[in-house]
Amino acid sequence: MNKSNKLLISALLVGVLGSLVALGVFGLFSATTQNAGNEISSGTVLISDNDAGSAQFNVTNAKPGESWERCIKVTYNGSLPADVHLYMTGGGGALEPYLHLTLSQGTQASPTFPSCAGFTPDNTNGTGVLYDGAAAGLLGSDYETGLTVVPFGQESWASGSALVFKERLALSAEAPDTAQGATTGVFTLFAEARNHA
């Protein structure tokens, strides 16, 4: 077979294959469907209070038998239902064992931190009292060991849920002379929200 015959056969093969490909491309029916506009966005867990960065308790020269009341409003604005736990870090000073804490939850018509004017307890335990005992015995030091709080009549916190917490701390009238000049140490109170698993 000479060179020109080979070239002719090669050209014929290319032409035949090109025709077959063209028939395959243009000889089929087709249809499509679509599902457009898909997107996934995450929910939010947002909790805030009305303290404007100020401490609830900053007491000096405390004396046995003295007490202090402070209120703070906690608001939940997340889009996901959440649980809220209260806990405390720090403290542990020599004065802490002589402090008694009464913690109540409720509402307040015009909350102004840290005033408790107009505080109305909810019906938790009939009085709104969540805890009444030694200050050192109430709160854990993290979410898992903290005190669970829920707005009255609800199972969890929903967007727009709010509670006012009234905390009454009292220095025991029986505090010994060894408590003079003592301190609780600096402590931080937390309200932490977590969405349901």
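A residue counts as buried under 20% relative accessible area, as exposed over 50%, and as partly exposed in between. The exercises below apply this and other terms to a predicted model.

**Exercise 1. Classify the residues of the salt-bridge network around R194, and state which residues belong to this network.**

Solution. Begin with R194: its relative accessible area is 35%, so R194 is partly exposed. Salt bridges with shared partners join R194 with E144 and E192 in one network. In one of these bridges, the side chains of E144 and R194 meet at 3.0 Å, N to O. E144 is located in the loop between β6 and β7, whereas R194 belongs to strand β9, so this pair ties together parts 50 residues apart in sequence. E144 has a relative accessibility of 56% and therefore counts as exposed. In the bridge between E192 and R194, the closest N and O atoms are 2.9 Å apart.

**Exercise 2. Determine how many salt bridges the structure holds, and describe the one between E69 and K166.**

Solution. The structure holds three salt bridges. The side chains of E69 and K166 meet at 3.9 Å, N to O; the cut-off for a salt bridge is 4 Å. The pair links distant parts of the chain, with E69 in strand β2 and K166 in strand β8, 97 residues apart. E69 counts as partly exposed because its relative accessibility is 38%. K166, at 21% relative accessibility, also counts as partly exposed.

**Exercise 3. Describe the overall make-up of the chain and the order of strands in the open sheet formed by three strands.**

Solution. The chain has one helix and nine strands. Along the sequence the helix is followed by the strands, in the pattern α-β-β-β-β-β-β-β-β-β. Three strands form an open sheet with antiparallel pairing, in the order β7-β3-β9. At the edges stand β7 (147–149) and β9, each with a single partner strand, so one side of each has no neighbour in the sheet. On average, neighbouring strands of this sheet are turned by 30 degrees against each other, direction ignored. Strand β3 (residues 82–90) pairs with β7 over three bridges, and L86 stands opposite L147 in β7.

**Exercise 4. Identify the residues with the most contacts inside the largest nonpolar core, and the strands that supply at least two residues each.**

Solution. This core has 27 residues, and W157, F165 and L169 have the most contacts inside it. Strands β2 (67–76), β3, β4 (99–108) and β8 each supply at least two of its residues. Leaving aside neighbours within four places in sequence, L169 is in contact with residues including F57, W68, L99, L101 and A135. In soluble globular proteins, nonpolar side chains tend to be buried together.

**Exercise 5. Decide whether the loop residues G128 and E174 are buried or exposed.**

Solution. G128 is placed in the loop between β5 (119–121) and β6 (129–134). Its relative accessibility is 0%, so G128 counts as buried. Not counting residues up to four places away in sequence, G128 touches L103, S104, Q105, P121, D122 and N123. E174 is placed in the loop between β8 (162–171) and β9 (187–195). Because its relative accessibility is 66%, E174 counts as exposed. E174 and Y98 are 76 residues apart in sequence, with their C-alpha atoms 8.1 Å apart in space. For the chain, buried residues make up 29% of the 197 residues.

How values were computed: Residues numbered from 1 in each chain as written. Predicted model: local features only at pLDDT ≥ 70, side-chain atom pairs only at ≥ 80, totals over all residues. Heavy atoms only, no water. Helix = DSSP H or I, 4+ residues; strand = E, 2+ residues; numbered from the N terminus. Buried < 20%, exposed > 50% of the residue type's maximum accessible area, 1.4 Å probe, protein only. Pairing = 2+ DSSP bridges. Axes fitted to C-alpha atoms, helices over the stretch in contact; angles between N-to-C directions. Core = buried A, V, L, I, M, F, W, Y, C linked by side-chain atoms within 4.5 Å. Contact = heavy atoms within 4.5 Å.
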